[in-house]
Amino acid sequence: MKKSIWLTYDLGVGGDYKNLYAWLDDNNAVDCGNNFAYLRVDTNNADSDNQLMDNLLSEIRSRVNLIPGNRLYVVRSYVENGIAKTKGSFIFGKRMSNPWEGYGSKPDESAEEG
């Protein structure tokens, strides 16, 4: 069985894009914008969402040299109690601070007392 996922990737300046692109091409991925791809992955050897994500990372790592600072984020859908939902998580790397922080029009909530 196949499952639809969306993969965002940030391998930095010296990242192994050549091998990641080869893996995406071999998996018939479709471009969805900068560093964003849609593809269908095999779920036959995965009994859970966590196992599916572990299998996906293992498959990518077997082809792509991932190093600290690289990031892979997967968005996928699932059904819970008959309701379609969406979930996203990092399979490699972690969330960084928002580069847009401070550009919005939120009121300043910092208060200084003397």
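Which strands does helix α1 lie across, and at what angle to β1 does helix α1 run? In this predicted model, helix α1 spans residues 17-26. The helix lies across β1 and β3, the latter formed by residues 36-42. Helix α1 runs at about 165 degrees to β1.

The strands beneath this description belong to an open sheet. Five strands make up the sheet, in the order β2-β3-β1-β4-β5. Their pairing is antiparallel. The edges are formed by β2 (30-31) and β5 (83-92). Each of these edge strands pairs on one side only.

Strand β1 covers residues 2-10. In the sheet order, β1 stands between β3 and β4. Seven bridges join β1 to β3, and the two strands run antiparallel. Within this pairing, Thr8 has Phe36 of β3 as its bridge partner. On the β4 side, six bridges connect β1 with residues 71-80, again in an antiparallel arrangement. Ile5 is bridged to Arg76 of β4. Trp6 has Val75 as its bridge partner in β4.

A second helix, α2, comprises residues 49-61. Helix α2 lies across four strands: β1, β3, β4 and β5. Its direction is at about 40 degrees to the edge strand β5. Both helices lie across β1 and β3.

Notes. Residues are numbered from 1 along each chain as its sequence is written. This is a predicted model: local features need pLDDT of at least 70, side-chain atom pairs count only at pLDDT 80 or more; totals for chains, interfaces and linings use all residues. Side-chain values use heavy atoms; hydrogens and water are left out. Two strands pair if DSSP finds at least two bridges between them. Contact means heavy atoms within 4.5 Å. Axes are lines fitted to C-alpha atoms, for helices over the stretch in contact, and angles run from 0 to 180 degrees between N-to-C directions.
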